[in-house]
Amino acid sequence: MYQLFLKTSIAIVVSATALAANAGAIRDAALFNTNSIPANDDGSSPQTNLGFAVNINGTSYTSAYVNNNGNITFAGSLSTYTPSGITSSSTPIIAPFWADVDTRGPLSSLVRYSSGTLNGANVFGVNWIGVGYFNSQSDKLNSFQLILTDRGAGNFSIEFNYDQILWETGGASSGVNGFGGSPARVGYTIGTGAAVELAGSGITRAFLDSGPSGTRLIGNSIGSTVLGRYIFNAQGGVITPSEPPTGVPLPGSLALLGLGLIGMRLRQRTK
């Protein structure tokens, strides 16, 4: 199951596909390996061309910043490492796993990104495949991916893919050995109005491979029959979840108006 929380604090719960212990949702990782962010903590890529335009809340963006901490932003880079609620904000953000990613550990891979073509469509993708957590820890590694797909005229789709989630929190976010404290959050906001945060965000051990069946990222899906894959569609500047793979439709009012969440506050703690 997945849950989408509204500003009214009413929870909408929709059934997803049958659960499985493992997922293999990440698409061809080599397609998005052209560029990389050097080993770092809290860094970002330069402003990077997407290869197409995306309409977010009426503003057309042709570039984005890839942030080491599991998200991309459009108006500027974001170094915030302790996640807060993803909801209406002046800063659009797309976050497949907003947490304190640290790629300086001896076993951690780098964050990689590139534009390309997938299934005949222009895409921009980011690989956080085999990444560690603060402070330079690589005893546990997460593997997740973001893909934006051009649908023409500024319309696009967002795809979150997960193969392995073994940690949720960095040490500077009150985590101990990758757990507890202020755990990861997953979702997006267009800046004002529509926003989604997946159930389990900010909840200890909810997203882990060993987490509860209803919230573990590799065991559920949205808009796909592939477990670990979550698809959202942007039409006319507003992003909404795809219809669940079970065929259970979203309530019509939500599909038309988009979704809002409980207040967001970007915060930065001192490391």
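Begin with the whole chain in view: this predicted model holds 5 salt bridges, and several of the stops below visit residues that take part in them. Side chains of opposite charge can pair when their charged atoms come close.

**First stop: Glu159 and Arg27**

Select Glu159 together with Arg27, which form a salt bridge whose closest N and O atoms are 2.5 Å apart. If you colour the chain by position, you can follow what this pair does: Glu159 lies in strand S12, which covers residues 155–164, while Arg27 lies in the loop between strand S2 (11–14) and strand S3 (35–37), so the pair ties together parts that are 132 residues apart in sequence. Is Glu159 buried or exposed? With a relative accessible area of 7%, Glu159 is buried, because buried means under 20% relative accessible area. Arg27, by comparison, has a relative accessible area of 25% and is partly exposed.

**Second stop: Arg229**

Keep Glu159 selected and add Arg229, which forms a salt bridge with Glu159, the closest N and O atoms being 3.3 Å apart. This pair also links distant parts of the chain, since Arg229 sits in strand S15 (residues 229–235) and Glu159 in strand S12, 70 residues apart. Arg229 has a relative accessibility of 9% and therefore counts as buried.

**Third stop: Arg185 and Glu197**

Now clear the selection and choose Arg185 and Glu197, a salt bridge in which the closest N and O atoms are 2.8 Å apart. Arg185 belongs to strand S13 (residues 185–189) and Glu197 to strand S14 (residues 195–197), so that the pair links distant parts of the chain, 12 residues apart. Both Arg185 and Glu197 are buried. Before moving on, return to the earlier residues and show them together: which residues do salt bridges that share partners join into one network? They are Arg27, Glu159 and Arg229.

**Fourth stop: Thr169**

Select Thr169, which is found in the loop between S12 and S13. Although Thr169 is in a loop, this residue counts as buried, at 0% relative accessibility. Show the side chain of Thr169 and look for the backbone oxygen of Gly180, which lies 2.6 Å from a polar atom of that side chain. If you then display the surroundings, leaving aside residues up to four places away in sequence, you will find that Thr169 touches Tyr133, Gly175, Gly178, Phe179, Gly180, Gly181, Ser182 and Pro183.

**Fifth stop: Ala75**

Go next to Ala75, in the loop between strand S6 (71–73) and strand S7 (93–98). Ala75 is exposed, with a relative accessible area of 60%. Add Tyr61 to the selection and draw a distance between the two C-alpha atoms: they are separated by 8.8 Å, and the residues are 14 residues apart along the chain.

**Last stop: the whole chain**

Finally, zoom out and switch to a cartoon view, where the chain has 1 helix and 16 strands. Of the 271 residues in the chain, buried residues make up 58%. Among the contacts with a separation of 6 or more, 62% are accounted for by residues 24 or more positions apart. If you turn on the surface, keep in mind that the chain exposes about 10,000 Å², of which carbon and sulfur atoms supply 50%.

How values were computed: Residues are numbered from 1 along each chain as its sequence is written. This is a predicted model: local features need pLDDT of at least 70, side-chain atom pairs count only at pLDDT 80 or more; totals for chains, interfaces and linings use all residues. Side-chain values use heavy atoms; hydrogens and water are left out. A salt bridge is a side-chain nitrogen of Lys or Arg within 4 Å of a carboxyl oxygen of Asp or Glu. Helices (H or I, at least four residues) and strands (E, at least two) are DSSP runs, numbered from the N terminus. Buried means under 20% relative accessible area, exposed over 50%, partly exposed in between (1.4 Å probe, protein chains only). Contact means heavy atoms within 4.5 Å. Accessible areas come from the Shrake-Rupley method with a 1.4 Å probe; for residues, only the protein chains shown count as cover. A polar contact is a pair of N or O atoms within 3.5 Å; within protein, one must be able to donate a hydrogen and the other to accept it, and residues adjacent in sequence count only if both atoms are side-chain atoms.
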